[in-house]
Amino acid sequence: MSEQPGRAARRRARRRPPPLPQREGLDAVRWRVPRDAAEGRPALEALLERFPALAVAEATPLDARFVRGEIVDADGSPWSADAPVGPEDELWFHRELREEHVPEVEMPIIHRDEHLLVLDKPHDMATMPRGAHVLSSALVRLRRTTGIETLVPLHRLDRRTAGVLAFGIVPDERPAYQQLFARAEVAKGYEARVRLGPETSIPTTPGERMMLLDRLVKQRGELITQVLPGEPNARTLLEVATSETDGTLLLRLHPCTGRTHQLRAQLSSRGAPILGEDLYPEPRPWTDGDAVPGLPLQLLARSLAFLDPITGQERRFRSGRQLAGA
């Protein structure tokens, strides 16, 4: 009796290629009409309700895009503006990009094989295209320079954080790698430079360690993560690496969980915001004379290690970057 394919294998077998190719390293946008949507609404009306930005003055009029056949269904057939759409229908289109300055920066690739590409990401570069950072994002830059259209990040780094960032190459392998991060089976090492405030609660002697335990909550639509009372859901092992003469500490950080802005929020809440911090600067422990204009956030994803679920190899990747005072 033949073995039945698993659920994930059946999903992959059902997956069809996108009806529109990538453009400028960006996938086309896919909108699937919700199951509870009303039947028979005109395609243009439904699309504008879901994506109001398509109607801004700088954008090509949406009715013109329908006429040109730029809005298609899952099979690649053009929708007409007045065609009725209903639950589970798909509308695909390319986003129109605003003018964007894309600075020339080095993109050192630490490792590349048929499964993985690992970037030593610079500071102030978004991982994924978002908002004002689309063509300048790490994903779009790498797709365009390497020609690997299937490239997708396996985890994320904040835009302001530099260091080791891993990308998957083979779509069918991606879930296995992403599950490693979801199950906290990846050893992540960070370095941060902090200047202590008068009410700090972290150790200051090189070699000292501390486990940071907090409840972190980030509300939808808000920029910052809050540290709130309650059962901890964020854990980070902190070790003091060095103490500089001006009172700056170099910390080694090993997050055991992966909450948004976890390290930045945990350190700031203990009176030790990372140098260069702009979202979590309070209480501010340095004077205006101490601040360095344009200083990148002094946070570096130094290392990444895991057992490769595809090859069975021990993978260890390390950034070659240095923080400002290191």
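Is tyrosine 177 buried or exposed? In this predicted model, tyrosine 177 counts as buried because its relative accessibility is 1%. The account below begins with the nonpolar cores, passes to the aromatic residues and the strands, and returns to tyrosine 177 on the way.

In soluble globular proteins, nonpolar side chains tend to be buried together. The largest nonpolar core in this model has 29 residues, and the members that touch the most others are Leu151, Phe167, Val194, Leu238, Leu251, Leu253 and Leu267. Helices and strands both contribute to this core: at least two residues come from each of strands E6 (116-121), E8 (162-168), E9 (187-195), E12 (234-243), E13 (248-255) and E14 (299-307), and likewise from each of helices H4 (138-146) and H6 (262-268). A second core, separate from this one, has 16 residues, among them Trp31, Leu47, Trp79 and Leu91.

Leucine 151 illustrates the surroundings of one core member. Leaving aside residues up to four places away in sequence, leucine 151 touches Leu117, Leu139, Leu142, Arg143, Thr146, Phe167, Gly168 and Ile169. Helix H4 is itself mostly covered, with seven of its nine residues buried. These are Ala138, Leu139, Val140, Arg141, Leu142, Arg143 and Thr146. The cover over the buried residues of H4 includes strands E5 (109-112), E6, E7 (152-153) and E8. Just after the helix, glycine 147 adopts a positive phi of about 80 degrees.

Histidine 123 is placed in the loop between E6 and H4. This residue counts as partly exposed because its relative accessibility is 22%, and the cut-off for buried is under 20%. Not counting residues up to four places away in sequence, histidine 123 touches Arg159, Arg160, Thr161, Ala162, Pro296, Leu297, Leu299 and Leu323. With one of these, leucine 297, there is a polar contact: the backbone oxygen of leucine 297 lies 2.9 Å from a polar atom of the histidine 123 side chain. By contrast, glutamate 149 is 26 residues from histidine 123 in sequence, and their C-alpha atoms are 24 Å apart in space.

The aromatic residues offer another path through the structure, which holds four aromatic pairs. In one of them, tryptophan 31 and phenylalanine 51 meet edge-to-face, at 6.3 Å centre to centre and with 85 degrees between the planes. Tryptophan 31 belongs to strand E1 (residues 29-32) and phenylalanine 51 to the loop between helices H2 (43-50) and H3 (62-67), so this pair ties together parts that are 20 residues apart in sequence. Both partners are buried: tryptophan 31 counts as such because its relative accessibility is 11%, and phenylalanine 51 has a relative accessible area of 18%.

Tyrosine 177 forms an aromatic pair with phenylalanine 306, also edge-to-face, with 6.4 Å between the centres and 80 degrees between the planes. Because tyrosine 177 lies in helix H5 (residues 174-182) and phenylalanine 306 in strand E14, the pair ties together parts that are 129 residues apart in sequence. Phenylalanine 306 counts as buried, at 4% relative accessibility.

Phenylalanine 51 has further partners. Trp31, Phe51 and Phe93 form one aromatic cluster. In addition, the charged end of arginine 50 sits over the ring of phenylalanine 51, 4.4 Å from the ring centre.

Strand E14, which carries phenylalanine 306, runs antiparallel to strand E15 (residues 314-318), and five bridges join the two. Phenylalanine 306 stands opposite arginine 315 in E15. The two strands form a hairpin with six residues between them, and in its turn glycine 312 has a positive phi of about 80 degrees. The faces of E15 are unlike in their cover: Arg315 and Phe317 make up the covered face, whereas Glu314, Arg316 and Arg318 make up the uncovered one.

A further set of antiparallel strands centres on E10 (residues 209-217), which pairs with E12 over six bridges. Within this pairing, leucine 212 has threonine 236 of E12 as its bridge partner. E10 also pairs with strand E11 (residues 226-228), in the antiparallel sense and over three bridges. There, valine 217 has glutamine 226 of E11 as its bridge partner. Through E12, this set of strands leads back to the largest nonpolar core, to which E12 supplies at least two residues.

Notes. Residues are numbered from 1 along each chain as its sequence is written. This is a predicted model: local features need pLDDT of at least 70, side-chain atom pairs count only at pLDDT 80 or more; totals for chains, interfaces and linings use all residues. Side-chain values use heavy atoms; hydrogens and water are left out. A nonpolar core is a set of buried Ala, Val, Leu, Ile, Met, Phe, Trp, Tyr and Cys residues joined through side-chain atoms within 4.5 Å. Buried means under 20% relative accessible area, exposed over 50%, partly exposed in between (1.4 Å probe, protein chains only). Helices (H or I, at least four residues) and strands (E, at least two) are DSSP runs, numbered from the N terminus. Contact means heavy atoms within 4.5 Å. Two strands pair if DSSP finds at least two bridges between them. A polar contact is a pair of N or O atoms within 3.5 Å; within protein, one must be able to donate a hydrogen and the other to accept it, and residues adjacent in sequence count only if both atoms are side-chain atoms. Rings of Phe, Tyr and Trp (its six-membered ring) pair if their centres lie within 6.5 Å; planes under 30 degrees apart count as stacked, over 60 as edge-to-face and the rest as tilted. A charge sits over a ring if NZ of Lys or CZ of Arg is within 6 Å of the ring centre and within 35 degrees of the ring normal.
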